[in-house]
Amino acid sequence: MADQAAKLRQKLIGVHSHYHTKTIAIVSGKGGVGKSNIALNFSLSLASKGKKVLLFDLDVGMGNIDILLGKSTNYSIINLFENNLSIYDIIEIGPNSLSYVAGGSGQDHIFYLDAERLQHFLEQLELLMREYDYIIFDMGAGVTRETIHYILAVDECILVTTPEPTSMTDAYSMIKHVLLQQPIKFHLIINRAKNKKQGVDIMNRMNRAVKRFLHHDVIPLGTIPDDSAVTDAVLAQQPFLIHNPKSKASVAIEHVANQYLGEPSTKLDDSGFLNKLRRLITER
C-alpha cells in the first residue's frame, strides 16, 4: 500500500495541468436536509443555461441521484473499480443533457478505496477535466476520512442546511472542521425556509458566527422555500425543476444558479484540483 502510494506520488512529480473545469463539492453537516435534491436541481439549472455539467454521486453505496431522476442505471461508480471500467462506461445522461454518475445502493459489503483503485479513479477524472465546465460532487453527509480529501481539493464548496437548530449547528461544525485544515470558499444555501426573511436571517447569523470565530466569510447563495412541490416531485421521481418549473422551489433554485454564475470566478490553485486531490490522499 505504501509502495503504491509512493509510486503514484512519484508519477505526479512535475505535472502541472491547467483545465477550465471548475470543481464543486455540495456538502451538509447532517443528513436529511435535502442536499442531494439541491445538488441535482442546481446541476440541472446550470445545464439548462448551456453549461456542460457532470454530477458525481459520491455517497458511495447509499446514492440516490438516480432515484431522484427516476432512472434505472446500468452502472454506478462502484463498477468503475470492481469491473475496471472506463469512466465513460458509467456516465449516464439525464434531463437538460446533464451527465451524472450514480453512487450505487444496496451494497452488501463495505466499499474501500485503496491505492490501486484511487490511481484508476484519478486517471479517469483527468480525462473528464478536459470536457466539462463544472464537475459537481454530491458528498455524503458530514465529514469522513474518505470525503475530506475531495472537500479540500475542490475549488469551492456549497453547504446546504435548514433552519432547524441541529442542522445549523452541524453546518457550523462542518465549516469549522474544514477551515481548520485549509481555507476554502464556502457558499451557503438555506433549504426548506419558511420564507425568504427567515432564510436571509439564518444566512446572516451563520456568516457572523463564522466571521467572528473562524475569521472567514461564508457567501450567501440563496434560500429554497419549504414547498410541497418538492415532495410531489420526489414521489414522482422527477427533479422538481422538471416536474414543476414554475413552483416556488424551482424559481428559487434558478435564482441560486444565476447568483452563482454571476459571481467572480475563483482563481484556481496552480496545482489544480487533481494534483491537490492526489497529494491529499497519498499523504494521508
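**Exercise 1.** Work out how the span of helix α12 compares with the expected span, and which side of α12 its buried residues occupy.

*Solution.* Begin with the span: α12, a helix in the DSSP sense (a run of H or I of at least four residues, numbered from the N terminus), has 14 residues and reaches 20 Å from its first C-alpha to its last, close to the 20 Å expected, where the expected span is 1.5 Å times one less than the number of residues. Before going further, note that this is a predicted model, in which local features need pLDDT of at least 70 and side-chain atom pairs count only at pLDDT 80 or more, while totals for chains, interfaces and linings use all residues. Residues are numbered from 1 along each chain as its sequence is written, and side-chain values use heavy atoms, with hydrogens and water left out.

Next, list the buried residues (under 20% relative accessible area; exposed means over 50% and partly exposed lies in between, with a 1.4 Å probe and protein chains only): in α12 they are Ala249, Ser250, Ala252, Ile253, Val256, Ala257 and Tyr260. These residues cover an arc of only 165 degrees around the axis, which puts them on the same side of α12; the arc is taken from the directions from the helix axis to the C-beta atoms. Finally, the face turned away from that buried side carries the exposed residues Lys248 and Val251.

**Exercise 2.** Describe how α12 packs with helix α2.

*Solution.* First take the geometry: α2 (residues 35–48) and α12 (residues 248–261) pack at an angle of about 65 degrees, with their axes 9 Å apart; axes are lines fitted to C-alpha atoms over the stretch in contact, and angles run from 0 to 180 degrees between N-to-C directions. Then identify the residues that meet (contact means heavy atoms within 4.5 Å): Ile38, Asn41, Phe42, Ser45, Leu46 and Ser48 in α2 meet Ile253, Glu254, Val256, Ala257, Tyr260 and Leu261 in α12.

**Exercise 3.** Is Lys35 buried or exposed, and what does its side chain approach?

*Solution.* Start with the location, which is in helix α2; Lys35 is buried there, with a relative accessible area of 8%. A polar atom of the Lys35 side chain lies 2.5 Å from the backbone oxygen of Met139. Lastly, not counting residues up to four places away in sequence, Lys35 touches Ile26, Val27, Ser28, Asp138, Met139, Gly140, Ala141 and Val160.

Key
Helices (H or I, at least four residues) and strands (E, at least two) are DSSP runs, numbered from the N terminus. A polar contact is a pair of N or O atoms within 3.5 Å; within protein, one must be able to donate a hydrogen and the other to accept it, and residues adjacent in sequence count only if both atoms are side-chain atoms.
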